[in-house]
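I wanted to know where this protein leaves space inside itself. I also wanted to see how its ligand is held. My notes follow.

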Amino acid sequence: MARVFNFSAGPAALPQPVLEQAQQELLDWQGSGTSIMEMSHRGKEFIGIAQQAETDLRELMAIPQNYKVLFLQGGASTQFAMVPLNLCAPGNAGNADYAFTGHWSKKAVAEAKRYCDVNVAVDTQENKFTNIPVQADWNMGDAAAYVHYTPNETIAGVEFGWIPETGDKPLVADMSSSILSRPIDVSKYGIIYAGAQKNIGPAGLTIVIIREDLIGHAGPQVPAMLNYKTFADSDSMYNTPPTYSWYMAGLVFQWLKKSGGLDAMGKVNHRKAEKLYNAIDNSGGFYRNPVAIDCRSIMNVPFILKDDALDKVFLEESKKAGLVQLKGHRSVGGMRASIYNAMPEAGIDALVDFMKQFQTQKG
Ligand SMILES: *Cc1c(COP(=O)(O)O)cnc(C)c1O
């Protein structure tokens with residue numbers, strides 16, 4: 001068996017020690033004689049797993065006591081609707097501010113428009129999502145119920161290096177591709193949400209971290225399954241949760257703690273990204289990253305080859321070298337290396353070596 005370096009944007013690579021532990025526990029979880037997948041979510045074994053995962057996540061992210069952590073389904077895409085349905089209800093101001101800085105915020109805006117008046121405070125589509133204007137250039141609405149942004153746009157590889165200032169308005173963040181990549185100050189946010197399949201665990205789980213005062217404002221027409229209160233009141237066990245993904249996320253949290261927590265992760269992630277951007281920038285134009293330097297993502301690194309006729313052979317040869325899933329998103333072209341927590345630094349070194357070698361042959 002040979003594991004490759006997997007640069008997939010999502011579902012993404014998982015830490016090998018986590019997969020090994022899951023394999024070891026697959027048939028018989030800690031002497032229970034059954035797999036996690038076969039257990040009642042209301043039994044004491046699974047409740048223990050679920051609570052430990054929440055405790056570990058709270059510790060890793062230093063989540064304050066007045067926030068709930070919800071373990072949901074439906075992906076980040078369901079949050080695009082759930083946020084306005086819960087925060088823009090009748091009685092709340094019926095409008096919201098959105099930063100439109102990439103493909104995922106575009107989808108968030110489109111969905112929010114079905115439920116409330118959206119004020120697009122900043123829009124970088126014209127620049128193909130390659131920059132993030134300073135906040136002084138945003139046009140915030142007066143009475144917005146919340147401000148939504150996407151700290152890391154996974155497709156264009158564009159990442160905020162700062163947190164928008166929103167005064168009394170709760171800040172809502174789609175952190176699907178940047179959660180756990182480094183320490184953040186949770187208290188600056190009203191809601192943080194993330195699909196698990198990039199930096200948390202397998203697909204099927206969505207994490208929501210929500211300030212308690214933002215729970216309980218959904219209108220009566222909102223389905224129970226789309227109401228934060230339903231899950232806050234039931235420890236995320238209103239219905240059957242995605243038990244196996246929840247367990248796997250818990251193993252990832254333990255792996256992160258053993259690896260030194262988010263401080264240590266942040267340092268490694270910055271070093272990994274710097275190595276890769278240096279290789280791109282020092283290639284004399286053979287490779288190019290189109291994003292403004294002050295907002296380059298440390299998680300998703302797109303790079304375009306000098307001649308797109310070389311894309312196919314780059315992908316074939318990198319695959320032979322054990323470097324897979326490097327094809328860029330069709331809207332950007334070229335390559336994209338997603339380098340989440342589970343990508344070891346050795347994977348970056350191998351990619352950089354391959355890129356140099358490829359350039360020597362074809363440059
Ligand atoms: C992947 C991704 C999504 C979509 O997540 P799903 O869980 O597939 O709905 C949304 N936002 C961002 C920033 C993403 O990276």
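Entry 1, cavities. I searched for enclosed space and found two cavities of 30 Å³ or more. The model is a predicted one.

Entry 2, the largest cavity. I read its volume as about 70 Å³. I then listed its lining, which includes Ala 13, Leu 14 and Pro 15, the run from Lys 198 to Gly 201, and Trp 255. I sorted the lining by class and got eight nonpolar residues, three polar and one charged.

Entry 3, the second largest cavity. Here I noted about 40 Å³ of space. Its lining has Phe 7, Ala 13, Tyr 340 and Met 343 among others. The classes came out as seven nonpolar, three polar and no charged residues.

Entry 4, the ligand site. Which pocket does the ligand take up? I found that the ligand fills space in the largest pocket. I counted 13 residues around the ligand, with Ser 77, Thr 154, Asp 174, Gln 197 and Lys 198 the closest. Helix α3, residues 75-87, gives the most to this shell, with four residues. By class, the shell holds three nonpolar, eight polar and two charged residues.

Entry 5, polar contacts. I looked up distances from side chains to ligand oxygen atoms. A polar side-chain atom of Thr 154 is 2.4 Å from one. For Ser 77, an N or O atom of the side chain is 2.6 Å from a ligand oxygen. For Lys 198, I noted 2.7 Å between a polar side-chain atom and a ligand oxygen. The protein covers 88% of the 390 Å² of accessible area that the ligand has on its own.

Terms used. Residues numbered from 1 in each chain as written. Predicted model: local features only at pLDDT ≥ 70, side-chain atom pairs only at ≥ 80, totals over all residues. Heavy atoms only, no water. Near = heavy atom within 4 Å. Polar contact = N/O pair within 3.5 Å; in protein donor to acceptor, adjacent residues only side chain to side chain. Areas by Shrake-Rupley, 256 points an atom, 1.4 Å probe, with all protein chains shown as cover. 1 Å grid on protein atoms, 1.4 Å probe; cavity = no way out; pocket = protein on both sides within 12 Å on 5 of 7 lines; lining within 4 Å. Sits in = over half its atoms within 2 Å of the grid points. Helix = DSSP H or I, 4+ residues; strand = E, 2+ residues; numbered from the N terminus. Nonpolar A, V, L, I, M, F, W, Y, C, P; charged D, E, K, R; others polar. Points joined across faces, edges and corners; volume = space filled by probe spheres on them.
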